[in-house]
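Trainee: Could we go through how the chains in this one meet?
Mentor: Gladly, let us look at it together.

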There are 2 protein chains.
Amino acid sequence: MLQDLALYGYWRSTAAYRVRIALALKGLDWENHPVHLVRDGGEQHGASYRAINPQELVPALVDGERVFTQSLAIVEYLDETVPEPPLLPVDPRGRARVRALAQTIACDIHPLGNLRVLQALEARFGATEAQRADWNRHWMAVGLAAFEAMLADNVATGTFCHGDEPGLADICLIPQLYNAARWQLPLDAYPTIRRIQAECVALPAFQVAAPERQPDAPPAGA
Amino acid sequence: MLQDLALYGYWRSTAAYRVRIALALKGLDWENHPVHLVRDGGEQHGASYRAINPQELVPALVDGERVFTQSLAIVEYLDETVPEPPLLPVDPRGRARVRALAQTIACDIHPLGNLRVLQALEARFGATEAQRADWNRHWMAVGLAAFEAMLADNVATGTFCHGDEPGLADICLIPQLYNAARWQLPLDAYPTIRRIQAECVALPAFQVAAPERQPDAPPAGA
């Protein structure tokens, strides 16, 4: 059903990173179309990318002639068209739990630390680099504390966020933890998250999706 | 399957408003548990609500003994347990489109103008009331322009955002437009959105879910 998949993304975009993990878990090949979010004021704002995604955000997945946007919608699309391995449980309660975990990151952490928001804090309020970093860490700390509480003391938590296979919640968690490291947020307060992180990063699908493995990433040490 | 539904919300929370519309479209009865987001520093931060939702955000839906959080996850849970009328199309491409529209609002507009974020802008950067309003309008204008572009020139757009029955995208759109009015954002630039808004607000399910119709809303003119 899927044909000629092309992903418009950016090596360090955590939303694109989610889709890369899902594609890898499903064993799908895709063509990489890097969109440089910083160079020349941001290629995502140019006419050619705006024709693909009027939101001027990455990622966008092209499947044949159709364009799909919003990382969580893309991951569920992949899950509905390529059922194995499943990224959501089959029972409605489990599906609701996994989606709530994913949205805790995708709605309530990630958008607040997104590039365009940090740029607006600087432009509108003169936020310094240190203040922007602190803003970002604050929302990550608030959100990850809730995420940890939702994992701990819940019998549905297994080797991964929900059960013993990786799924949509893990797909959102690992890129957010990459951002946490980038912004020097300590993870000591989140033992369940750290345990699950160790499980995920041992898997090839998470490894090949990592930012530093993407062709548009700068060379190590650059 | 659903039993003794109770919704923890707030009359003016647009995320709770989404769930109220979905409950009304499904014809479900529910018990109202208002959580006052402002009084006494915010009841959502108190121990009793934190035990229900560690994110300290509304809404939370209680179904029997189980708690569900995150409005989009709740709406999909309702859709999976009470299939009629459907809130998502059956085909994966259509489902992905509707979810992307919903997430354009739920991930990229609403979180940036949420109460806690506006409070943080004031506390951290001394943002004035006018600056906070302008911040809020900015992200609404950016997001609604993209939403309009995703609706216009797409053959899947019908009487409503997707086809001729209201669904998840409309459920997100109408509360966001309530917020747009509250913050005086003109809607002239979004003709398709305005056309769909007129269709939605004519429906009883959208009317009974409106903020001013909730028992915790202050009396008109107060």
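**Where the chains meet**

Trainee: How many salt bridges are there across the interface of chain A and chain B?
Mentor: The rule finds eight salt bridges across that interface, a salt bridge being a side-chain nitrogen of Lys or Arg within 4 Å of a carboxyl oxygen of Asp or Glu. This is a predicted model, in which local features need pLDDT of at least 70 and side-chain atom pairs count only at pLDDT 80 or more, while totals for chains, interfaces and linings use all residues. Residues are numbered from 1 along each chain as its sequence is written, chains are lettered from A and ligands numbered from 1 in the order written, and side-chain values use heavy atoms, without hydrogens and water.

Trainee: What does Arg95(A) form a salt bridge with?
Mentor: Its partner is Glu80(B), and the closest N and O atoms are 2.8 Å apart.

Trainee: And how many residues does the contact take from each chain?
Mentor: It takes 43 residues from chain A and 43 residues from chain B, where contact means heavy atoms within 4.5 Å.

Trainee: Which three residues supply the most of the area that chain A buries against chain B?
Mentor: Arg93(A), Arg124(A) and Phe125(A) supply 17% of that area, buried area being the accessible area (1.4 Å probe) that two parts lose on being put together, summed over both.

Trainee: New topic: what turn lays chain A on chain B?
Mentor: A turn of 180 degrees with a shift of 0.0 Å along the axis does so, with an RMSD of 0.0 Å, superposing by least squares on the C-alpha atoms of residues with pLDDT of at least 70 in both copies. The two copies are therefore related as by a two-fold rotation axis.
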